[in-house]
Amino acid sequence: MNIYFYIIIGIILFEYLLSFVVRTLNLRALDPKLPKEFEDTFDNDKYLKSQEYTKTNSQFSYITSTFSLLVSLVFIFGIPQFGINPLYNEIDILARSYGYGSIITGLIFFGLLTLITDILNTPFGLYRTFVIEEKFGFNKTTLSTYFGDKAKGYFLMALLGAPLISLTLYFFGAFDTYAWLFAWILMVSFTLIIQPIYNIFIAPMYNKFTPLDEGTLLTKIKDYLKKVNFPVKKLEVMDGSKRSGHSNAYFSGMGKNKRIALFDTLMEQMDEDEILSVIAHEVGHYKLKHVHIGIFLSAIQSGIMFFILSLFINNKALFDVFSMEETSIYASLVFFSILYTPISMIMGIFFSVISRKNEFAADEYSAKTANMPESLISGLKKMSKENLSNLTPHWLNVFLNYSHPPVLKRIEALKQYVK
């Protein structure tokens with residue numbers, strides 16, 4: 001009896017069944033009655049549309065998750081009746097057939113796996129973008145932009161991902177006891193340097209950033225940032241409407257190279273005070289050290305992961321589950337990622353709890369420093385309306401999957417600061 005077989009299959013089935021149950025409970029939690037708090041923002045038609053959006057996405061997720069489950073099982077078992085052998089082993093045989101060393105073979109293995117997975121998932125991505133998002137008025141993406149983004153993604157994987165994977169494979173091949181430590185240091189270093197790389201090179205590949213125009217909004221933002229002593233290098237508007245009607249804003253960068261990027265859709269949907277209150281919320285994350293704590297906790301998590309991974313490198317019993325003829329470091333990374341799922345899920349829940357707590361704290365910071373809790377409340381309501389957010393998510397869905405508290409909870413907490 002191979003205990004890893006039961007663990008792997010159990011993990012795959014449990015993850016599928018849990019998502020199925022949570023999705024079903026979330027649909028049942030939809031309340032046809034508009035919450036009183038939103039009567040000044042939503043009309044009945046808009047509220048019903050937001051619920052239909054949730055239902056449509058959930059129903060589509062039933063299909064995509066079931067397809068993913070079947071694909072996972074085919075990769076492990078194949079379909080002998082149709083002459084399809086276990087796919088992990090077939091991909092490995094193809095990767096090895098080129099006759100390269102272990103690192104290049106590993107890159108070929110990862111490349112083939114990524115390509116096959118992407119080809120299988122692309123029809124679902126196209127349907128979600130050009131049918132579901134189109135139906136609800138969000139999609140602004142063209143086919144050329146969609147596939148152009150894919151091409152850019154492959155380019156970045158080759159440019160950044162390939163060296164990262166190569167070094168990881170080298171460490172586990174060249175060292176023994178401390179290989180996990182070197183791989184961990186590499187990952188932490190990459191996490192730190194990717195922020196400026198993203199700001200300078202990656203983000204402009206996908207979107208156009210233009211300086212925020214001179215005017216009262218820019219003056220208000222600069223005055224606020226000066227008041228809280230928060231230097232920002234760039235205040236920019238991003239053409240988010242190039243791809244979607246969804247609205248958002250984000251901060252990126254560290255130290256003196258911080259950037260505030262406001263989606264053009266957000267600029268259209270909110271007034272100046274609401275935008276300022278949202279910016280104050282994001283400043284709160286930095287001022288309250290949420291960003292630094294997040295980086296630290298992520299580093300601890302990756303360290304734990306690499307250490308446990310080191311215990312399963314070239315584990316023959318684990319490879320037997322996937323019908324692999326030969327063991328390898330690169331396939332060990334893939335198979336371990338499945339074995340690690342329960343720990344990853346528990347860590348994810350832990351991080352989500354912290355994240356939701358931090359969102360409340362950032363809301364409080366905005367309310368106290370910008371002195372406009374009413375504006376943040378109205379801004380949250382508008383974002384919920386324009387993004388067709390689910391106003392009544394099931395508590396289990398929130399607990400497992402939400403990095404932000406439900407908007408009603410945030411509004412309830414903010415009301416104590418309204419004078």
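A polar contact is a pair of N or O atoms within 3.5 Å. One such pair sits at the start of helix 2, where a side-chain oxygen of D43 comes to within 3.2 Å of the backbone nitrogen of D45. The model is predicted. This briefing covers helix 2, the sheet, two nonpolar cores and the surroundings of T392.

**Helix 2**
- Helix 2 covers residues 44–77, which makes 34 residues.
- From first C-alpha to last, helix 2 reaches 50 Å. That is close to the 50 Å expected at 1.5 Å a residue.
- Just after helix 2 comes G78, with a positive phi of about 75°.

**The sheet**
- Four strands make an open sheet with mixed pairing, in the order 1-2-4-3.
- The edges belong to strand 1 (209–211) and strand 3 (249–252). Each has a single partner strand, so one side of each is left without a neighbour in the sheet.
- From one strand to the next, the twist averages 30°.
- Helix 9 (residues 272–287) packs on the sheet and touches strand 3 and strand 4 (259–263). The direction of helix 9 makes about 35° with that of strand 3.
- Strand 1 pairs with strand 2 (residues 234–238) in the antiparallel sense, over three bridges.
- P211 stands opposite E236 in strand 2.

**Nonpolar cores**
- In soluble globular proteins, nonpolar side chains tend to be buried together.
- The largest nonpolar core here has 45 residues. Those with the most contacts inside this core are I221, Y224, L225, I279 and V283.
- Several elements each supply at least two residues of this core, including helix 7 (216–227), strand 2, helix 13 (341–369) and helix 14 (373–386).
- Helix 9 gives the largest share, seven residues.
- L225 is in contact with F230, V232, L235, I260 and V283, leaving aside neighbours within four places in sequence.
- A second, separate core has 43 residues. Among them are I12, A179, L333 and L339.

**Around T392**
- T392 lies in the loop between helix 14 and helix 15 (395–401).
- The relative accessible area of T392 is 17%. Buried means under 20%, so T392 counts as buried.
- A polar atom of the T392 side chain lies 3.3 Å from the backbone oxygen of A29.
- T392 also touches L30, D31, P35 and Y47, among the residues over four places away in sequence.

How values were computed
Residues numbered from 1 in each chain as written. Predicted model: local features only at pLDDT ≥ 70, side-chain atom pairs only at ≥ 80, totals over all residues. Heavy atoms only, no water. Expected span 1.5 Å × (residues − 1). Polar contact = N/O pair within 3.5 Å; in protein donor to acceptor, adjacent residues only side chain to side chain. Pairing = 2+ DSSP bridges. Axes fitted to C-alpha atoms, helices over the stretch in contact; angles between N-to-C directions. Contact = heavy atoms within 4.5 Å. Core = buried A, V, L, I, M, F, W, Y, C linked by side-chain atoms within 4.5 Å. Buried < 20%, exposed > 50% of the residue type's maximum accessible area, 1.4 Å probe, protein only.
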